[in-house]
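Here is a walk through the ring pairs, cores and sheets of one model. Have the structure open while you read.

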Amino acid sequence: MAAEKWVLMVTAQTPTNIAVIKYWGKRDETLILPVNDSISVTLDPDHLCTTTTVAVSPSFDQDRMWLNGKEISLGGGRYQNCLKEIRSRACDVEDTEKGIKIEKKDWQKLHLHIASFNNFPTAAGLASSAAGFACLVFSLAKLMNLKENQSQLSAIARQGSGSACRSLFGGFVKWILGKEGNGSDSLAVQLVDEEHWNDLVIIIAVVSSRQKETSSTTGMRESVETSLLLQHRAKEVVPKRIVQMEEAIQNHDFSSFAQLTCADSNQFHAVCLDTSPPIFYMNDTSHRIISYVERWNRSVGSPQVAYTFDAGPNAVLIARNRKIATELLQRLLFFFPPNSETDLNSYVLGDKSILHDAGIDGMKDIEALPLPPEINSISAQKYSGDVNYFICTRPGGGPVLLSDDSKALLNPKSGLPKEA
């Protein structure tokens with residue numbers, strides 16, 4: 001390895017994911033091994049993703065990381081586990097254009113700079129840690145020329161954040177709980193890609209982008225220790241639901257998919273309530289959204305929309321198709337209109353074409369929205385300001401490398417964040 005002050009960089013983008021059959025509870029805290037299988041849908045990275053640049057240079061004197069522009073410590077066990085696992089698998093790397101050659105043994109003494117940016121709120125129940133750790137592992141694997149496949153990499157990402165293993169694939173993804181004590185068989189596999197069920201449209205109601213009061217890690221530990229419902233769920237309920245959910249996804253059976261998704265979300269939050277002390281992730285706005293969706297689905301006689309909530313109050317609403325998504329957005333804006341000073345452009349994010357399909361170009365259109373037919377006019381209260389914003393998205397693809405240097409978060413000469 002030459003001693004010049006070169007910098008070698010890789011930039012990648014990784015999506016977040018939302019579980020439709022939930023992961024809640026670990027049987028091993030260190031290796032992050034779950035008590036049950038889970039299934040998730042990957043969200044379109046155009047709308048929700050983490051971008052990470054990783055760099056190596058003989059001039060770096062320590063491993064450093066910046067998250068959303070702020071330097072953070074890499075001292076935590078989860079970061080260290082991921083870095084150790086990846087360094088142990090690193091291979092020879094040669095960049096003939098830059099005249100750089102790194103041998104396998106060199107990786108143990110070379111230091112890394114990592115910069116990561118989420119285009120959505122961190123630690124607010126939108127699986128930011130899932131996208132973050134998946135992107136860290138994927139980009140480092142490319143930088144260090146690892147030979148492992150995506151499922152094998154997912155077992156490394158899992159040691160950073162459990163649900164991160166599911167962000168290494170697009171479409172619908174299953175995290176297999178595994179049987180081995182060392183966690184080697186607890187990894188993610190793709191069930192179907194993002195094109196398989198591309199009728200689906202997803203609208204996220206960001207009810208709060210604040211950090212939650214009880215972290216997922218703490219909440220899970222307390223549930224495992226105190227909730228009898230969690231034990232019953234893991235042993236009796238989830239194994240059957242996993243089989244039914246896989247079948248529903250393969251067959252594009254939206255009725256079964258919606259019923260399972262809503263039931264599993266509700267049971268997860270029931271486990272949180274069954275925990276001592278009880279954990280409250282949802283709030284009044286979350287409960288109102290559930291009530292509106294349930295009322296609509298029942299009035300039509302078959303599910304039009306599925307809802308699911310992770311460890312936070314934000315609603316992830318999955319519509320059967322684009323026409324239903326348009327009607328869903330109209331209903332959401334009827335009940336949760338923006339404050340008068342809010343710009344509509346910053347209130348509905350992501351795929352804004354759904355807004356146009358819904359015939360909404362400004363506040364006047366929102367004010368003119370009719371009362372949904374399933375709602376009694378007496379209970380038609382509006383809750384302006386209770387939703388921060390909406391994100392319109394869809395199922396999306398897995399991690400990708402970004403070859404465009406302008407997308408890199410680190411300076412190619414110094415290896416420091418571009419803003420610095």
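Searching the whole structure turns up 15 aromatic pairs, where rings of Phe, Tyr and Trp (its six-membered ring) pair if their centres lie within 6.5 Å, and planes under 30 degrees apart count as stacked, over 60 as edge-to-face and the rest as tilted. One of them is F334 with F335, an edge-to-face pair at 5.1 Å centre to centre and 90° between the planes. F334 and F335 are both buried; buried here means under 20% relative accessible area, exposed over 50%, and partly exposed in between (1.4 Å probe, protein chains only). Ring pairs also tie Y292, F334, F335, F336 and Y383 into a cluster.

Before going on, some bookkeeping: this is a predicted model, in which local features need pLDDT of at least 70 and side-chain atom pairs count only at pLDDT 80 or more, while totals for chains, interfaces and linings use all residues. Residues are numbered from 1 along each chain as its sequence is written, and side-chain values use heavy atoms, with hydrogens and water left out.

Y383 from that ring cluster also has a charge above its ring, contributed by R288 at 3.8 Å from the ring centre. R331 does the like over W296, with its charged end 3.9 Å from the ring centre. The criterion is that NZ of Lys or CZ of Arg is within 6 Å of the ring centre and within 35 degrees of the ring normal.

Now the cores. A nonpolar core is a set of buried Ala, Val, Leu, Ile, Met, Phe, Trp, Tyr and Cys residues joined through side-chain atoms within 4.5 Å. The largest one has 71 residues, and F257, L317, L333, F336 and F390 have the most contacts inside it. Helix α8 (residues 322–335) gives the most to this core, with 8 residues; helices (H or I, at least four residues) and strands (E, at least two) are DSSP runs, numbered from the N terminus. What does F390 touch, not counting residues up to four places away in sequence? The list is I203, I204, A205, L332, L333, F336, Y347, V348 and L349, with contact meaning heavy atoms within 4.5 Å. There's a second, separate core of 52 residues, and L136, A141, A188 and M220 are among them.

On to the sheets. Six-strand first: 6 strands form an open sheet in the order β8-β7-β11-β6-β1-β19, with mixed pairing. β8 (70–72) and β19 (400–401) stand at the edges with a single partner strand each, so one side of each is left without a neighbour in the sheet. Two strands pair if DSSP finds at least two bridges between them. Inside this sheet, 6 of the 8 residues of β11 are buried, so β11 is largely enclosed by the rest of the structure. Helix α1 (residues 77–89) lies across β7 (64–67), β8 and β11 (111–118), at about 125° to β11; axes are lines fitted to C-alpha atoms, for helices over the stretch in contact, and angles run from 0 to 180 degrees between N-to-C directions.

The other sheet has 4 strands, is open and antiparallel, and runs β2-β5-β12-β13. Its edge strands are β2 and β13 (188–192), each pairing on one side only, and the twist averages 35° from one strand to the next. For β2 (residues 17–21), 5 of the 5 residues are buried, so the strand is largely enclosed by the rest of the structure.

Here are some pairings from both sheets, each with a facing residue pair.

| Strand pair | Sense and bridges | Facing residues |
|---|---|---|
| β1 and β19 | antiparallel, 2 bridges | Q13 and V400 |
| β6 and β11 | antiparallel, 8 bridges | T52 and S116 |
| β7 and β11 | parallel, 4 bridges | M65 and I114 |
| β2 and β5 | antiparallel, 4 bridges | I18 and V41 |
| β5 and β12 | antiparallel, 4 bridges | I39 and K174 |

Two single residues round things off. R78 is in helix α1 and is partly exposed, with a relative accessible area of 27%. Beyond its neighbours within four places in sequence, R78 is in contact with K26, I32, F133, Q159, G160, S161 and T217. Is E97 buried or exposed? At 80% relative accessibility, E97 counts as exposed, and it lies in the loop between β9 (93–95) and β10 (100–102). E97 and T42 are 55 residues apart in sequence and 36 Å apart in space, C-alpha to C-alpha.
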